[in-house]
Amino acid sequence: MSRRDPKRSLSVPLRLVGDGELEWSATVAASDLAERDSPDALRIADVEVPLDSAVGVELALERISGGLSVAGQLTATWKGPCARCWLPIDGEVRTTIREVFTAEPREGEQYRLDPEHADLVPMVREAVLLELPIEAIPCPHADPCPNLPSELAPSHDDSVHDDSVHDDAALDDSAELADPRWAALEALRGHPDESS
């Protein structure tokens with residue numbers, strides 16, 4: 001059972017596991033992982049797993065004392081904004097999991113095992129969400145990003161201006177923007193042209 005079966009769900013009948021092991025591979029819609037009372041359940045900040053995308057599941061289920069051991073890999077795709085140009089970019093979640101299902105699970109450590117089936121949805125949903133990027137997504141383009149709006153793009157016109165005028169203006173701007181807390185240090189440093 002190595003090929004993914006699109007007709008399979010994430011509710012595994014325990015009779016198929018018996019007292020041994022079972023390989024369970026499936027491709028499910030991301031919408032099947034969303035909680036009923038939270039349609040945006042597959043989202044962390046601005047990064048989301050599109051509900052119309054597919055989630056790949058390749059698991060090995062094994063009977064253990066008091067429950068069921070589930071291990072394997074999950075794959076999913078996500079979409080989020082570029083940290084520089086804010087245009088949408090895609091990425092992939094690929095993670096390895098190893099969890100335990102039992103009739104009386106310890107909260108935050110195990111998942112509930114029903115008498116007749118193992119509901120893998122909560123485990124898969126949490127594993128996918130934990131792998132979504134929560135920091136700024138680096139831009140995939142070379143610097144400078146070609147998608148930056150003109151007001152944010154670096155200017156190339158500065159080089160055509162007179163250097164002395166540009167430098168004087170920069171000095172004036174730096175003087176205005178200087179932090180007054182540095183004034184004492186600047187007084188100690190003095191100005192380079194005073195020694196000549």
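**Close-up 1. Surroundings of S53, a residue buried in a loop.** With a relative accessibility of 12%, S53 falls in the buried class, where buried means under 20% relative accessible area, exposed means over 50%, and partly exposed lies in between (1.4 Å probe, protein chains only). The model shown is a predicted one, in which local features need pLDDT of at least 70, side-chain atom pairs count only at pLDDT 80 or more, and totals for chains, interfaces and linings use all residues. Residues are numbered from 1 along each chain as its sequence is written, and side-chain values use heavy atoms, with hydrogens and water left out. The loop that holds S53 lies between β4 (47-48) and β5 (54-64); helices (H or I, at least four residues) and strands (E, at least two) are DSSP runs, numbered from the N terminus. The side chain of S53 comes to 2.6 Å from the backbone oxygen of P50, a polar contact being a pair of N or O atoms within 3.5 Å, where within protein one must be able to donate a hydrogen and the other to accept it, and residues adjacent in sequence count only if both atoms are side-chain atoms. Once residues up to four places away in sequence are set aside, S53 touches V28, A29, A30 and T77, contact meaning heavy atoms within 4.5 Å.

**Close-up 2. W78 and its neighbours in strand β6.** W78 belongs to strand β6, which covers residues 67-81, and is buried because its relative accessible area is 10%. Leaving aside neighbours within four places in sequence, the residues in contact with W78 include V47, E48, V49 and P50, and also I89, D90, G91, E92 and V93. L132, P133 and I137 are in contact with W78 as well. Although W78 and L132 are 54 residues apart in sequence, their C-alpha atoms are 7.5 Å apart in space.

**Close-up 3. The largest nonpolar core, with 42 residues.** A nonpolar core is a set of buried Ala, Val, Leu, Ile, Met, Phe, Trp, Tyr and Cys residues joined through side-chain atoms within 4.5 Å. In the largest such core, the residues with the most contacts inside it are L59, L68, L120, M123 and V124. At least two residues of this core are supplied by each of α1 (14-17), β2 (21-29), β5, β6, β7 (88-102) and α2 (121-131), and the largest share, six residues, comes from α2. In soluble globular proteins, nonpolar side chains tend to be buried together.

**Close-up 4. Helix α2 and what covers it.** The buried residues of α2 are V121, M123, V124, R125, A127, V128 and L129, and their cover includes β3 (43-44), β5, β6, β7, β8 and β9 (117-119). One of these buried residues, M123, touches L59, V70, I97, E99, F101 and Y111 when residues up to four places away in sequence are not counted.

**Close-up 5. The three salt bridges found in the whole structure.** A salt bridge is a side-chain nitrogen of Lys or Arg within 4 Å of a carboxyl oxygen of Asp or Glu. E48 is paired in this way with R43, their closest N and O atoms being 2.9 Å apart; E48 counts as partly exposed at 29% relative accessibility, and R43 counts as partly exposed at 34%. A salt bridge also joins E92 and R94, with the closest N and O atoms 3.5 Å apart, and R94 is exposed, at 52% relative accessibility. The side chains of E109 and R106 meet at 2.9 Å, N to O, where E109 is partly exposed at 48% relative accessibility and R106 is partly exposed at 48%.

**Close-up 6. Regions of differing confidence along the chain.** The predictor's confidence in each residue is given as pLDDT, from 0 to 100, and the chain has a mean pLDDT of 79, with 69% of its residues reaching 70 or more. Confidence is highest in strand β8 (residues 111-112), at a mean of 96, and lowest in helix α3 (residues 163-177), at 47. Over residues 1-7 pLDDT stays under 50, and the model has 18 contacts beyond four places in sequence for them. Over residues 158-177 pLDDT also stays under 50, and here the model has one contact beyond four places in sequence.
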